[in-house]
Amino acid sequence: MTHWLGLPPLATAHGSQIDSLIGWTHVFMLILFIGWGGFFVYCLLRFRRTRQPVANYTGVKSHASNYSEIAVAVVEGILLVGFSIPIWAARVDHIPPENEALVVQVTGEQFAWNVRYAGPDRVFGRTDIKLIDLQSNPLGLDRSDPAAKDDITTLNQLYLPVNRPIIVRLRSKDVIHSFGVPEFRVKQDAIPGLTIPVWFIPNVTTAEMRTRTGNAEFQYEIACAQLCGLGHAHMRGFVTVLAAEEFQKWMDSEQEKLKGESDIFR
């Protein structure tokens, strides 16, 4: 179904539900298009001027249109109650426990995505707005806080392990942004003053997707789906999905970099 809908390749466990909903919506819309289009053509022929030159103010007494409208309302109710609400509820009410997931903070700003990992202690360290420096410390991370010493930060680069629940805590430093990864079937606004959790399970590594698509340079892209200023088109981030052992190697290498930096500044 994904291919004939023109959707990008699927790369998350929950994405098939989204694709199914989109598919059924298209099917029902096609039925409506054919039905209402046929009715429109019928009216053009039935009430054409050559057949009925004088207007009939009594009109058509058939209740067919009423039945059609009721059918449309029923179908919309099925799509809403039977498909949309259960999918939405699963994303909102069934967030996996944090001890079983990788928790990542993603903070949007004009015009970049700041990514932050808690490190081995699994605790996010303190931040201070007074410490914010757009070049060296865009999140205002306070490295004097013990919990912040092992926090890993990246810019526009989100690394994730495959087949593991991911909880993204979305934030914004300035205006409304929108975190969207089409292959993950994920899209959520990042709103100033709020921390909004989004969770999913990526199940296709970047390397595997490159093989599937035949594109050796394929990358999962984080697209800002909310107009956020003059540089909106350049607000691009990238997701790299790795095998579990590869992700751990990346985390270890980032920790080594932090230790090297701390040794320099002692």
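The following exchange examines how several descriptions of this predicted model are justified.

Me: Why is H177 called buried?
Reply: The relative accessible area of H177 is 0%. Buried means under 20%, so H177 meets the criterion. H177 is placed in strand β6, residues 177–181. Not counting residues up to four places away in sequence, H177 touches residues including W113, S172, D189, C224 and M235.

Me: What makes the pairing of the H177 side chain with the side chain of D174 a polar contact?
Reply: The two side chains are 2.8 Å apart. The limit for a pair of N or O atoms is 3.5 Å, and the value for H177 and D174 therefore satisfies the distance condition.

Me: Why is the pair of Y117 and W250 called edge-to-face?
Reply: By the rule for ring pairs, the count comes to ten aromatic pairs. In the pair of Y117 and W250, the ring centres are 5.2 Å apart and the planes stand at 65 degrees. Centres must lie within 6.5 Å, and planes over 60 degrees apart count as edge-to-face, so both values lead to that name.

Me: How do you know that the pair of Y117 and W250 ties together parts that are apart in sequence?
Reply: Y117 belongs to strand β2 (residues 112–117), whereas W250 belongs to helix α4 (residues 244–264). The parts joined by this pair are therefore 133 residues apart in sequence.

Me: Are Y117 and W250 buried or exposed?
Reply: Y117 has a relative accessible area of 1%, and W250 has 11%. The cut-off for buried is under 20%, so Y117 is buried and W250 counts as buried.

Me: What makes the aromatic pair of Y159 and W250 stacked?
Reply: The planes of Y159 and W250 are 25 degrees apart, with 4.4 Å centre to centre. Planes under 30 degrees apart count as stacked, and the angle for Y159 and W250 therefore gives that result. Y159 lies in strand β4 (residues 157–161) and W250 in helix α4, so this pair links parts 91 residues apart in sequence. Y117, Y159, F247 and W250 form one aromatic cluster.

Me: Why does T154 count as buried?
Reply: T154 has 14% relative accessibility; since buried means under 20%, T154 counts as buried. T154 has its place in strand β3, and its side chain reaches the backbone oxygen of Q157 at 2.4 Å. Leaving aside neighbours within four places in sequence, T154 is in contact with W113, N114, V115 and W250.

Me: How do you know that D151 is buried?
Reply: The relative accessible area of D151 is 0%, and the cut-off is under 20%, so D151 is buried. Leaving out residues up to four places away in sequence, D151 touches R116, Y117, A118, V123, F124, G125, L141, R143 and L258. The C-alpha atoms of D151 and L141, ten residues apart along the chain, are separated by 8.7 Å.

Me: Why is helix α1 called roughly antiparallel to helix α2?
Reply: The axes of α1 (residues 15–46) and α2 (residues 64–93) cross at roughly 175 degrees and come within 10 Å. Angles over 145 degrees count as roughly antiparallel, so α1 is roughly antiparallel to α2. Among the contact residues are W24, F28 and W36 of α1 and V72, L79 and F83 of α2. The residues of this contact divide into eleven nonpolar, five polar and one charged.

Conventions: Residues are numbered from 1 along each chain as its sequence is written. This is a predicted model: local features need pLDDT of at least 70, side-chain atom pairs count only at pLDDT 80 or more; totals for chains, interfaces and linings use all residues. Side-chain values use heavy atoms; hydrogens and water are left out. Helices (H or I, at least four residues) and strands (E, at least two) are DSSP runs, numbered from the N terminus. Buried means under 20% relative accessible area, exposed over 50%, partly exposed in between (1.4 Å probe, protein chains only). A polar contact is a pair of N or O atoms within 3.5 Å; within protein, one must be able to donate a hydrogen and the other to accept it, and residues adjacent in sequence count only if both atoms are side-chain atoms. Contact means heavy atoms within 4.5 Å. Rings of Phe, Tyr and Trp (its six-membered ring) pair if their centres lie within 6.5 Å; planes under 30 degrees apart count as stacked, over 60 as edge-to-face and the rest as tilted. Axes are lines fitted to C-alpha atoms, for helices over the stretch in contact, and angles run from 0 to 180 degrees between N-to-C directions. Angles under 35 degrees count as roughly parallel, over 145 as roughly antiparallel, 65 to 115 as roughly perpendicular and the rest as oblique. Ala, Val, Leu, Ile, Met, Phe, Trp, Tyr, Cys and Pro count as nonpolar, Asp, Glu, Lys and Arg as charged, and the others, Gly among them, as polar.
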